[in-house]
Amino acid sequence: MAVEKAESTELLAIRLPVWWTFGGLVAGLLAGLALAGTDALDPVLAVTEPTGALWLQALQMTIIPLVSALLVIGIAQMVRAARAGRAARRMLGWVFAVLLFSGLAAATMMPLLLDLFPIPPSAGTLLQTGDIAPQEVPGLADFLTSLIAPNVIAAAAETTMLPLTIFFALFAVAVARLPAAQRDTLLGVFRALANAMLTIIGWVLWIAPLGVFALALGVAARAGGGAFATLVHYILAVSAMGAIVLLAGYALAWFGGGIAPLRFARAMIPAQAVAVSTQSSLASLPAMLAVARRLGVRESTADFVLPLAVAIFRATSPAMNLAVAIYVATLAGVELTPATLAAGIAVALVISVGSVSLPGSISFVISIGPIALAMGVPIEPLALLVAVEMLPDIMRTLANVTLDVAVAAATDRPEDETV
């Protein structure tokens with residue numbers, strides 16, 4: 001595993017075996033299909049089931065410390081950015097509006113989509129990846145009183161993510177307001193904690209091909225060919241939420257930046273091509289800067305907004321992460337009450353700040369895990385779904401790059417100009 005230092009965030013950049021993990025998924029599904037109904041299945045499952053369960057537990061153990069560290073770093077960075085001037089505050093206003101729309105879009109549209117196109121019946125086998133005990137979601141009164149945890153340590157032990165998320169968000173704002181020496185010391189501690197957890201989760205994900213193979217074999221043995229249909233259904237449903245955010249980028253450029261949709265679409269093609277081919281917003285930054293200049297965005301605005309957007313803004317995170325949680329909730333029979341969805345949106349908004357610069361596989365685990373926990377949704381299926389994240393991640397990057405440029409255009413537009 002190769003690890004290198006990322007200059008912009010001072011976090012470790014980890015290269016993961018994405019294609020090998022996808023290959024492990026396909027191989028496990030094919031092996032499960034081949035062994036189903038044979039005498040060899042039980043001896044094989046006696047080895048693969050504990051192997052998959054052990055890998056799953058290793059994946060879960062870093063979620064709380066890594067999320068906490070990344071939240072403190074990300075939110076403190078956003079607070080400092082807000083002090084950079086009027087343009088920065090205007091940009092952050094658009095960022096918050098887009099993230100809120102992203103979360104609300106998934107909360108309203110994903111359940112409707114699953115009603116129109118139900119999850120295949122064989123999908124229930126995805127839940128059979130461990131001992132699952134979904135959390136009990138409180139009523140409205142209990143939900144409101146649970147927002148503040150009287151004992152943060154106990155909240156961490158019980159993985160009650162919403163109060164933990166609120167605590168660390170407030171803690172990050174407080175850290176950003178400390179004198180420079182104290183602030184830098186604390187951020188250094190949390191950055192070191194994040195790097196240590198990233199190293200561990202990098203080790204765990206490096207053996208993901210084996211863990212995913214073990215889990216997929218059992219799923220395919222129980223579900224048969226329906227496992228493939230379920231994964232295709234999942235990929236299309238989650239990507240649809242990203243498509244909604246992508247379309248919102250054209251609307252923002254039009255109404256917020258005064259750029260006609262057709263002109264914006266034509267200008268975005270080079271940056272979107274880089275986004276699809278690299279699946280990296282950072283790699284797409286030079287192309288985004290060129291597009292912004294072609295659209296008439298002032299160079300000073302583009303040079304400030306776009307690098308900052310790459311660092312702190314991922315437009316699709318609330319929509320697509322919440323969509324995954326809603327998909328698993330529907331699968332597990334968890335009731336999607338207004339309180340459940342509100343908890344998911346709240347955590348999704350905050351978590352999106354702390355996972356922007358991470359590889360897709362890592363951000364998938366540490367972003368969706370807290371959302372699912374806050375909604376009382378089992379997180380075990382995420383261990384299998386991470387193997388296909390490379391496919392929805394194409395839509396994530398495409399929409400994120402489009403929204404980055406749209407936000408730059410909206411930030412650059414004079415406040416007194418009308419559409």
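## Inside the core: Trp55, Ser102 and some aromatic rings

Let's start with one residue: Trp55 touches Val204, Leu205, Ile207, Ala208, Gly211, Val212, Leu215, Ala383 and Val386, leaving aside residues up to four places away in sequence. Keep in mind that this is a predicted model.

Where does Trp55 fit in the bigger picture? Trp55 and Phe313 are the residues with the most contacts inside the largest nonpolar core, which has 137 residues. Helix 3 (residues 63-82) gives the most to this core, namely 13 residues. There is also a second, separate core of 5 residues, and among them are Leu41, Leu45, Leu217 and Ala221. In soluble globular proteins, nonpolar side chains tend to be buried together.

Here are the two cores next to each other:

| Core | Size | Some members |
|---|---|---|
| Largest nonpolar core | 137 residues | Trp55, Phe313 |
| Second, separate core | 5 residues | Leu41, Leu45, Leu217, Ala221 |

Now let's visit a serine. Ser102 lies in helix 4 (residues 86-116). Is Ser102 buried or exposed? Its relative accessible area is 0%, and because buried means under 20%, Ser102 counts as buried. What does the side chain of Ser102 reach? It reaches the backbone nitrogen of Ala319 at 2.9 Å. Ala319 is also one of the residues that Ser102 touches, together with Val245, Ala315, Thr316 and Pro318, again not counting residues up to four places away in sequence.

Finally, a look at the aromatic rings. The structure holds 6 aromatic pairs. One aromatic cluster is formed by Phe167, Phe168, Phe171 and Phe190.

Definitions and conventions. Residues numbered from 1 in each chain as written. Predicted model: local features only at pLDDT ≥ 70, side-chain atom pairs only at ≥ 80, totals over all residues. Heavy atoms only, no water. Core = buried A, V, L, I, M, F, W, Y, C linked by side-chain atoms within 4.5 Å. Buried < 20%, exposed > 50% of the residue type's maximum accessible area, 1.4 Å probe, protein only. Helix = DSSP H or I, 4+ residues; strand = E, 2+ residues; numbered from the N terminus. Contact = heavy atoms within 4.5 Å. Polar contact = N/O pair within 3.5 Å; in protein donor to acceptor, adjacent residues only side chain to side chain. Phe/Tyr/Trp six-rings, centres within 6.5 Å; stacked < 30°, edge-to-face > 60°.
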